[in-house]
Every structure is written in structure tokens, then in C-alpha cells.
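Reader: Please take me through one helix of this model in detail. Where does it sit, and what surrounds it?

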Amino acid sequence: MVRLYRLKYCTISISLILLSAMSLAQTSSGHVHAPAAKDFAATLTFLSSDWMEGREAGTRGSYMAADYIAGMMQLNGLAPYGDYDTLKSGQTGTTLFQQTYFQDFEMKLYYIEMMGTFTLILGKPGSVVVKNIIGIIPGKDSTKSLIVGAHYDHLGIIDGLIYNGADDNASGVSGMLALAKAWVETGEKPPCNIIFSAWNGEEKGRLGSLYFVRHTHANPAQILAYINMDMISRSAPEDTNGRQLSIGTMPASEGLRQIAIAGNLRLPHPFELDLWDVTGHTGSDYASFTAKNIPVMTFFSGYQVDYHKPEDDADKVDLKKMEDILKIVNDCIREVTESLSDK
Ligand SMILES: [Zn+2]
């Protein structure tokens, strides 16, 4: 258990008149309620049902999952932040474009492995178009962005068994969608853009997040931070109480680490935190962002016994643990975006 307590000092305003529009914005985003289990449990269960066929990138299940995630983003009021579709060409020669929730990229069906002097080409020839799904809440300062993301692909069907990937990573995606809904529902513009993303192809080498950082509309220099959620609903066998949480950051981002520590201490029963340095690690989509020197925070609830097994099912997730993790993530979103207003 981390036993570092930080006191938060508040200044008392002499008069309400002194409250500026900026501080009102801070107050409103301070009231974003973190999602409860009822806000993400059904999505988690649906994404990890047999219907989704294990969501392997490039397979039918992953396209179904992509359509569902995009539909949820639209229904929950996020603006699209993916590729532009050609809407129509007028007789005047004018072409209209409409932004979509999908960012398409090509995924090769083969990979190359070097074995000494031999080059092995494994897999099938050719490639297939696969999708990231991206939505945005435009901020007051539209030049700066915070990104909240999770990969939605998993391992698909192997030897006739469906790898449902409930913890890995229907948990992260359902958490991301629930946070997006909560932030839209404030009806307020946050201080900066908040981009919500579901990445494809993480299990095949972080393909989706790598493509995003190379092709995003957002200027990488203007991305304040990337918050990653990958496996946030189970616990390692030794964590018998389900109260351990791993949070990775870069050494240069001490501020983000402190924000996470403070968020944890606001919980009635704080987690025992494993705070680690992501430098040199490539275990999830955060690494695509660290490669571009974008500050990251990555949340992980522990290596559970069903990791990358067909038994990673929705009936085993710890909804209460996930609820508490999302409270910390929600605090981090608030603190990072409000850091702009403080300047
Ligand atoms: Zn994962």
C-alpha cells in the first residue's frame, strides 16, 4: 500500500463574482462522475461474447466489434475523428467530405522472420484493410489533445476455440466508451480536446496505435498525454483481494505519476500501486506513443491465470475493481485537461 498522503489546499474566493468562466469550466469538469459497473458491464460482456469470434484483426468478429464501437461512440455523442469519406461530387465538380469514426489501415497477412542467413515468410500472401475507431470531444483549446485509448482486437479462434478476451481487452474498451459517455454528458466543452480511441492489431504488434501516431490529424507535439487501458478487470493469482494495480509512466512525467497516486488515494480503499517506468517496454499500445515522446499513463490490473487463454471470459471479471480503476482514470483525465486552464 502506498502511504503517501497529499493535502489539497483550496483558496476561498472572496466573492462569487470573481469566478471566471474558466473556473466555472473547471468546476463543471470536476463533476464528471466516473462510470459505474452498470455503465460498462453490458458492453464488456457483448464485446467478449462468442458472437464476436475473438475479435482477431482482419476477421469477421473484429469488423462487427468495430461497427459496434463506432455505433456506441455516435450514440453517446462523440464527434467522429477518423478518415474522411467522400460524400458526393456535385455537378460543379465540388467534392464533399464527411469525417467518419474509422481510421483504416492495411495489415499484411504475412510476416518476415530472419533465421540466421535464411529469410522466412510466414502466414498468407496479401493484405487486408482493418480499422481503428476514433471519436473526439472538441475542447475549448482545440489545438491540444488528451488521448484515452484501448485495443479492441484479441486472438480470434484457434483450433476451434474462441478466445473471447474479456479482460484482454474488452475491459479497456468498455471502460473507454463509458468514460467518453460520462464526459459528453456534462454538456460542457473540456479545456482541450479529448480523443477516445479503440485500436486494432495490438496483438499483432501494436499495428493500430503505430498507424495512428504516424497519421493522426492531431499534431503529436500538441498531444498532452496518452492514457492506455489494457486488461483492467482481473487480478494476478497472488493478489487475492483484487487490490493491486499497475500504472506505468515515463520518468520525465513525474506530474502524471503524482496525479495517479493522488487519484488512488481518493478511493475509499486505495489500491496497492505498482508504479513502473515504461522506458524500453513494448507490452501494449502506450509504446507507440512513448516512441514519439508523448507522455503516457498505462493501466493494468495484473496477469490473471486466463491471460491469452480461451477462458478469459466475462463472467470472471471483477466489476468493482474495474469501477475503482476507472475512478482513477477519470481523475487523471480531469487533472490533465485542467492543467491547461491553470496556466
Ligand atoms: Zn491486451
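Author: What follows looks at helix α3 and then at two helices it packs against.

The model is predicted. The protein has 8 helices and 13 strands. Of its 343 residues, 46% count as buried. Contacts reach far along the chain: among those between residues at least 6 apart in sequence, 79% join residues at least 24 apart.

Now α3. The helix covers residues 60-75. Its 16 residues should span 22 Å at 1.5 Å a residue, and the end C-alpha atoms are 23 Å apart, which agrees. The buried residues in α3 are G61, S62, A65, A66, Y68, I69, A70, M72 and M73. An α-helix has 3.6 residues a turn, so residues three or four places apart point the same way.

What do the buried residues of α3 pack against? The helical partners are α2 (37-47) and α4 (166-184). The strand partners are β4 (102-115), β5 (118-137), β7 (156-158) and β9 (192-199). Just after α3, G77 takes a positive phi of about 90°.

The two helical partners also pack against each other. The angle between α2 and α4 is about 140°, and their axes lie 8 Å apart. Angles over 145 degrees would count as roughly antiparallel; α2 and α4 are therefore oblique to each other. Their crossing is right-handed. From α2, the contact uses D39, F40, T43, L44 and L47. From α4, it uses A166, A170, S171, V173, S174, G175, L177, A178 and K181. The residues of this contact divide into 8 nonpolar, 4 polar and 2 charged.

Notes:
Residues numbered from 1 in each chain as written. Predicted model: local features only at pLDDT ≥ 70, side-chain atom pairs only at ≥ 80, totals over all residues. Helix = DSSP H or I, 4+ residues; strand = E, 2+ residues; numbered from the N terminus. Buried ≥ 20, exposed ≤ 12 C-beta atoms within 10 Å, placed from the backbone. Contact = placed C-beta atoms within 7 Å. Expected span 1.5 Å × (residues − 1). Axes fitted to C-alpha atoms, helices over the stretch in contact; angles between N-to-C directions. Parallel < 35°, antiparallel > 145°, perpendicular 65-115°, else oblique. Left-handed = near helix turned anticlockwise from the far one by under 90°. Nonpolar A, V, L, I, M, F, W, Y, C, P; charged D, E, K, R; others polar.
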